[in-house]
Amino acid sequence: MRLASLLACALCMGVSWYGHTQGIVNKLKQKAAQATERAIEKKIDPNSGNQNSQGNQPGNQSGNPSNTSGTGLVITPPDVKQNIAEAEASFKAGNYSDARYAIRQAMLGVEMEIGQKVLASLPESVVGLKKETESDKVTSMGYGWVGLTIHREYSSGNKQLSVDIANNSAWMSAVNAYLASGGYAQQSSGGQQNWKQTKVKGYKGIIEFNEGSGYKLSVPIGQSSLIVWQGINFATEQDVMNAANAFDIDGIKNKLGEK
């Protein structure tokens, strides 16, 4: 009887232990199943994730392609005669806004034509440097000799000369103030002279040197125009002066209508 009781008790404990163990096994199975599901999801997510990230890119959102062709706009300076005729017609009709616009376009056309003539008069090469045609620029604000700028570059290897001919009152004021000062015309720093007055074909000017940007020579011509040469990798001051002397300053001055 006692033995039977012990067997029954052991059986119950065994059943209980089995049940407990089976519960642990089931939990492990569930954990393993969940881990497997997460692993599968990770395999799937990259595709969906990529779709989302691509969808966030601006180009794909809009669906518009990037431009890879086209030759730009055709250069079309304002037609002076046509704009003058339109200005006259608009004025007679009492349409003053259109008349003013046409007058400004005509003035812009005149300035652009003068600028192109000045550009064409500049030398083809300077002290062995050839002109860079693609750098040629003529710009104007179209308000009657305010902001007209003519730009050209010459280069060979790492040596470069740029010239800007401008109608710029701010530049002129600064240069004229310096030239008029006289007393402090020679400026030096740490024993190195950086600015000084000079002359190019009889025109007073200022030549500067900066280790980072090279030589800069500014020469006022007439009442409101200025020529600025910038020389990079020029060996000496005299080399820059020789380059500036290659330009017909009187001819440029006359074409600009300066006195």
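I started with α6, where Val240, Met241, Ala243 and Ala244 come out buried (buried is under 20% relative accessible area, exposed over 50%, partly exposed in between, with a 1.4 Å probe and protein chains only). Helices here are DSSP runs of H or I with at least four residues, strands are E runs of at least two, and both are numbered from the N terminus. Looking down the axis of α6, I get an arc of 160° for its buried residues, so they line one face of the helix; the arc is that of the directions from the helix axis to the C-beta atoms.

Notes to self on the model. It is a predicted one, so I keep local features to pLDDT of at least 70 and side-chain atom pairs to pLDDT 80 or more, while totals for chains, interfaces and linings use all residues. Residues are numbered from 1 along each chain as its sequence is written, and side-chain values use heavy atoms, with hydrogens and water left out.

Next, α3. How does the span of helix α3 compare with what its 13 residues should give? Residues 80–92 should cover 18 Å at 1.5 Å a residue, and the end C-alpha atoms are 18 Å apart, which agrees. (The expected span is 1.5 Å times one less than the number of residues.) I find Asn83, Ala87 and Ser90 buried in this helix. Down the axis of α3 the buried residues fall within an arc of 70°, so they line one face. Part of what covers them is α4. On the face turned away from the buried side I see the exposed residues Lys81 and Lys92.

I checked the ends of α3 too. Asp79 caps the N-terminal end, with a side-chain oxygen 3.1 Å from the backbone nitrogen of Lys81. Just after the helix, Gly94 has a positive phi of about 80°.

Then salt bridges, meaning a side-chain nitrogen of Lys or Arg within 4 Å of a carboxyl oxygen of Asp or Glu. My search of the whole structure turned up four. One of them joins Glu88 to Lys92, with the closest N and O atoms 3.5 Å apart. Both residues sit in α3, four residues apart, about one turn of the helix. Glu88 is partly exposed at 46% relative accessible area, and Lys92 is exposed at 66%.

Another pairs Asp136 with Arg152, closest N and O atoms 3.0 Å apart. This pair links distant parts of the chain: Asp136 is in the loop between β2 (129–131) and β3, Arg152 in strand β4, 16 residues apart. Is Arg152 buried or exposed? Arg152 is buried at 2% relative accessible area, while Asp136 counts as partly exposed at 21%. I also logged Lys131 with Glu124, at 3.4 Å between the closest N and O atoms.

Ser140 next: it lies in the loop between β3 (137–139) and β4 (149–156). Ser140 is buried at 18%. Leaving out residues up to four places away in sequence, its contacts (heavy atoms within 4.5 Å) are Leu108, Glu111, Met112, Gly147 and Leu148.

Last, the largest nonpolar core, a set of buried Ala, Val, Leu, Ile, Met, Phe, Trp, Tyr and Cys residues joined through side-chain atoms within 4.5 Å. Of its 33 residues, Leu161, Ile165, Leu217, Trp229 and Leu256 touch the most other members. Elements giving two or more residues include α4 (96–121), β5 (159–167), β9 (214–221) and α6 (237–244). The most come from α4, which gives five.

Conventions
Polar contact = N/O pair within 3.5 Å; in protein donor to acceptor, adjacent residues only side chain to side chain.
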